[in-house]
Amino acid sequence: MKLKHILYAGALMLAGTSAAAAACENTVAAKSLTNAFPAYVIMTDVMKSCGNFEPELDKDHRLKLQDAFSTNPSLYTIAGVANATSVPLFEQELVRPLDDLIAEHGQGLSENQFIRVDGKVMAIAALFNTQHLMYREDILNDLGIAVPTTWDEVFDAAEKIKAAGVVDYPLGGYYKSGWNLGFVFINHYLGEGGSFLDENNMPALDKDKAKAVMERLKKASSYMDPEYLVSDTTFVTKQLQQGKIAMANLWASRAGAVNDPAESSVAGKIKMASGLMGSEQPASTVWWDGWVVAKNIPDEEAEAGFKLIVAAMDPEVISANNDAAVWLAKGFTPGPAAAGAAATAQAGAPAYPASKAMAVMHTALGDGLSAYMTGDKDADTTLADIEAAYLTAAKEAGLVQ
Amino acid sequence: MRFKTFLAFVGPSLFLMLIFIAAPLVTVFWNSFHITQPVYERVEVETCTPGFLAPTCTTSVVQQPQLDDEGKVITETTFVGLESYRNVLEPDRFFRAVENWDWNTVNNIRFWKALRFTLVFTLLTMPMVVGVGLLIAIVVNGTVQSIKGPVIFISLLPFIITPVIGALAIRWLFIGDGILTQAMEGWLQRDIALFAQGWTIEILMYVYRVWHVAPFAFVVFYAGLQTVNQDTLESAIIDGASRFQRLRYVIIPHLMPLIVFVMLIHLMDAYRVFEEVIGFSSQAHVISLQWLTYDFLMPDEAGTRAISRASASAMLTMVGIIVLLVIPLRRAWRDQRGTAK
Amino acid sequence: MSVPKSLRPPLRLKVLSNGFLTLWCIIAAFPIVWITIMSFKTPFDAFSANPLNVILGPDTLNKVDGLSLAEIAVGIALAWLLVLTARNWLPRQVVHYTPPGMIGFGWLVAALVFGIVTLILYMSVLPGVMGFVNPLLGPLGHDVLGLTTEHYQAVWVDRNFTRNFGNSMLVTAGVVAISLTIGTLAGYGLARSGTDLAFWLLIIALIFRALPHSVLVAGYLPVFIKSSEILRPIMGDAAPTLYGQPWAVIVVLVSINQPFTIWMLRSFFHNIPAELDEAARVDGCSHFQAFRRVIMPVMWPGVITAGLFSFLLAYNDFLVTSLLLDGQNMTMVPAIAGMFNRETTASDEVQAIAAAVSITAPLFVLVLVFQRQIVSGLTAGAVKG
């Protein structure tokens, strides 16, 4: 028992200790504001080991991002942002172009990490994220089901799994009302080749495609735990870990956790496959997460911040934490956990269409669709209401006249 | 007491309330009649984002806020009258639905949905809290001295526990195949999903609130029971009053001011119901007025907030609570007149 | 206390009321007890579908550690002893050793010491002693119940939760102290002034009390973040950034809490006969002197009750602290909520549960120690509306 104890503790410690290996030294006080998922914990831990650095990890970081960077001096030196959260920072020019700093300190970075706006590098991406199929290899093999590649095949498979009764629910889905539900719709709808807005930011949902997607969402939900409207990514991850579901189209960043023997009762049985195809392209979107440097700070502080960013993405750090994320930085070797993400990207999944107007549309979709899912509204009314809600909000924000 | 002395006593408290409650309230009021938006221009931008192996670049025309010389966003503020209120209340749709007796449509307009729930929540939990609190107080008061202490201690737990934590604890017990859901499934021999439909979530919210607040009502009533006049009680017994009659004619009237007090506090707290919506993530089915305001205020991913609609919804919420408070306030006013004379 | 025969309840009523009490106690305690049990298990057991697995923790026993029957017995006995101490011995000591007028402070120290002693007993003394005794006991010494404190270690040591604890204590102490000081003055002023102005102030305070907090708090955020820029024309370079400052949060919480505090204390002072301070005034005291000499000595029951409510508000607050504090100064409640809300793994969740139980523990001790004060404070008139 003692030995087991030690082994177990050792396994737990591993994730924490392997990060703080990078050699760096920071002399200028710096602060960061980022999201709070494991990849950021790893990177900020490295930065902390350089000294004079205070990270703030907050999943609600977007609440203060804009205000904190627009004040002078900026409250934070650097921030971790993603496709959508970077929009206000870029358009209000609250972050600085990094070309000079890259020339001076950024030799270790690769071209694929640079987010360019009009040719200038405004952010350094650290990791790549998308959504793809995770399935129980044993169940699919036992029932003789081929790995699904489209949603129709998923439904066929789900039907067979349901009939066999080997799990509680064949499918899992992060359909939590709000951002998640809106996001699921956006993915499916993009997979059908739909567009959301015209060039004047007026809503331009393709009704037929949207209705087809909504029907598909409803059909998918019939194979899920009936509490799907409160289930978020963590909940679906847990369902997979506890062997309650057989398939889920889930964020690539969760691929490591579902096969983690410390938490999963079905560790090793879950395999990754490409994101499911819509009729035109994969019904998944590509995301990046990365770093920006504030504009309203002295140049020397900016330089210190940039050096910290480079240190956090040192190849040694990345390879020591290889499976914690699909890294874009050098030192990453795609393992089995990243197979699904790679396949999805190769199949041509589009980038999430981040913009101010799209964010408003996303909110309108996320709030509006739950009434359809609960059966309170029919598809036509739901879509009309979503467009009306979008227009009201976009007018208030000044995005449409 | 002279005015100056009075001011010296009340001053610090008043000052804080003015700065941190009254002043924000004034800005909320002002915002509800105005809209502030950035001035946008259309620009063509080329953006390159990382792919799995190589970056992809796209060129598109986007709307961007104009910046002034100092790099601040240029904004325009316009007076819009009642438009934000209209956007929140959606009166056209509401009245059309009411004319057609179309309850479903009314319940699909967010504000009215929130109002419906908030009022039902407030008015339904109030008698439950008072009733359960009173029952526990009377039973505890009548029990053996030696177990009073532990019982009071256990009874107070739901009240002192951090609300966010309490709501989460309840959620763990019920969500998915939570332990209590399973117990119910075993008992009723059927599959139960409490978070799958509105009415079960709503019942869970009522139960949680009563569980959380009844202990407060209980201590207040229990404290009140300690001061019941024993002589009155004894003479009631001599007069042959039954147990129920003693409760009805001696104890309840004695506790009446406390019952009013608990009801008033509960009215105000229940009307602000918010933690339950967050804790049970019930927004697909059930939303409350405070949650609606909160939802308007939260920026979306690109940092846009619906400040004006949030302000309008906040003002409407406040009007609502003033309406609800009118009856108790009139009573207070009469009392005040009474004592002043 | 002898009860007249006619007041004694009939048997049926007795059974009924005892049954009701038992049921209520189970309902009241169950969620808390259950999450406490979960916090001592591996994620596997904690989220197991079988309640027996959650209680007995076979996976935990297998992978980590467990308790023997003897340890359980000793643990329960110790708990009972501690409860008895807190309820009987401790109050006497506090009354005995604290100078009059400082009673509130005395209680605070006592509660703190008591909490620490409990922690030491369970975390180090008990395991130490039993580790020695267990092998001697034969079957009684075998581990039967899976139990692990690793989540608590992870929370308090690895995640540096002590800092959050310190911040919580700072904010709570600040709120209680300031809130009571200015609330007592205002409550007294309002109770002794029969003017319409006082009445209208109270009514406005009541409406403030009813306001949804998110309305106010969301308004603070941009102002707090940009305060150094806004205040610079007035204060020069000394202009502070209010965002992330515990003292700024203290002031906000005090303000939000003022309406309730002044209402409560006003009712309390209302029940102290005005003749008391009027007599002092006749003797030539000013209002402040009368307040200090006559009222202060008799006001403690009410103030302690009001203080408890302030304590609960500040300690439990989520909305204000989560929005206005940064990571370095985060208090415990938003820190725990943060553990749940990010991309969590199952062991993160059990850690968060352990943290949730940890922050409930001080409240536990608080009620244990202050229980009599709560009831007597309320009886003394603080709630007579």
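Okay, let's start in chain A, where strand 1 and strand 2 run parallel and are joined by 5 bridges. One pair to look for is A:Thr34, which stands opposite A:Leu57 in strand 2 of chain A. Before we go on, please keep in mind that this is a predicted model.

So, is strand 1 of chain A enclosed or open? Have a look at residues 30-34. All 5 of the 5 residues are buried, so strand 1 of chain A is largely enclosed by the rest of the structure. A handy bit of background here is that side chains in a regular strand alternate between the two faces of the sheet. In strand 1 of chain A, one side carries A:Ala30, A:Ser32 and A:Thr34, the other carries A:Lys31 and A:Leu33, and both faces are covered.

Now hop over to strand 2 of chain A, residues 53-57, and find A:Glu54. How exposed is A:Glu54? It counts as partly exposed, because it has 16 C-beta neighbours inside 10 Å, and a residue needs 20 or more to be buried. Which residues does A:Glu54 touch, if we skip those up to four places away in sequence? The answer is A:Lys31 and C:Gln328, so to speak one from chain A and one from chain C. Also, A:Glu54 and A:Ala29 sit 25 residues apart in sequence, and their C-alpha atoms are 8.1 Å apart in space.

Next up, another sheet in chain A. This one is an open sheet of 4 strands, in the order 7-8-6-9, with mixed pairing. Which strands are at the edges? They are strand 7 (169-172) and strand 9 (270-273) of chain A, and each of them pairs on one side only. Going from one strand to the next, the twist averages 20°.

Let's zoom in on one pairing in there. Strand 6 of chain A, residues 131-136, and strand 8 of chain A, residues 245-251, run antiparallel, with 5 bridges joining them. If you want one pair to click on, A:Leu133 has A:Asn249 in strand 8 of chain A as its bridge partner.

And what packs on this sheet? One answer is helix 10 of chain A, residues 233-241, which touches strand 6, strand 7, strand 8 and strand 9 of chain A. The direction of helix 10 makes about 145° with that of strand 8 of chain A. Then there's helix 7 of chain A, residues 151-164, lying across strand 7 and strand 8 of chain A. Helix 7 runs at about 145° to strand 7 of chain A.

Right, on to helices packing on helices. In general, you describe such a pair by the angle between the axes and the distance between them. Take helix 15 (residues 356-373) and helix 16 (residues 379-397) of chain A: they pack at about 145°, with axes 9 Å apart. Their crossing is right-handed. Among the residues that meet are A:Val360, A:Ala364 and A:Leu365 from helix 15 of chain A, and A:Ile386, A:Ala389 and A:Ala393 from helix 16 of chain A. By class, that contact has 15 nonpolar, 3 polar and 2 charged residues.

Chain C has a helix pair to show you too. Helix 8 (residues 161-192) and helix 15 (residues 300-316) of chain C have axes that come within 9 Å and cross at roughly 140°. The two helices of chain C are therefore oblique to each other. This crossing, of helix 8 and helix 15 of chain C, is right-handed. The contact includes C:Val171, C:Val175 and C:Gly183 of helix 8 of chain C, and C:Ala306, C:Gly307 and C:Phe311 of helix 15 of chain C. How do the residues of that contact divide by class? There are 9 nonpolar, 7 polar and no charged.

While we're in chain C, here's the overview: 18 helices and 2 strands. Of its 385 residues, 44% count as buried. And among contacts in chain C with a separation of 6 or more, 76% come from residues 24 or more positions apart.

Last stop, chain B. Here 72 residues of chain B are in contact with 75 residues of chain C. Which helix gives the most to the chain B side? That's helix 1 of chain B, residues 3-31, with 13 residues. That side of chain B has 53 nonpolar, 17 polar and 2 charged residues.

One more in chain B: helix 13, residues 289-297, is mostly covered, with 9 of its 9 residues buried. Those include B:Trp291, B:Tyr294 and B:Asp295. That's my tour, thanks!

Key:
Residues numbered from 1 in each chain as written. Chains lettered and ligands numbered in written order. Predicted model: local features only at pLDDT ≥ 70, side-chain atom pairs only at ≥ 80, totals over all residues. Axes fitted to C-alpha atoms, helices over the stretch in contact; angles between N-to-C directions. Parallel < 35°, antiparallel > 145°, perpendicular 65-115°, else oblique. Left-handed = near helix turned anticlockwise from the far one by under 90°. Contact = placed C-beta atoms within 7 Å. Nonpolar A, V, L, I, M, F, W, Y, C, P; charged D, E, K, R; others polar. Pairing = 2+ DSSP bridges. Buried ≥ 20, exposed ≤ 12 C-beta atoms within 10 Å, placed from the backbone.
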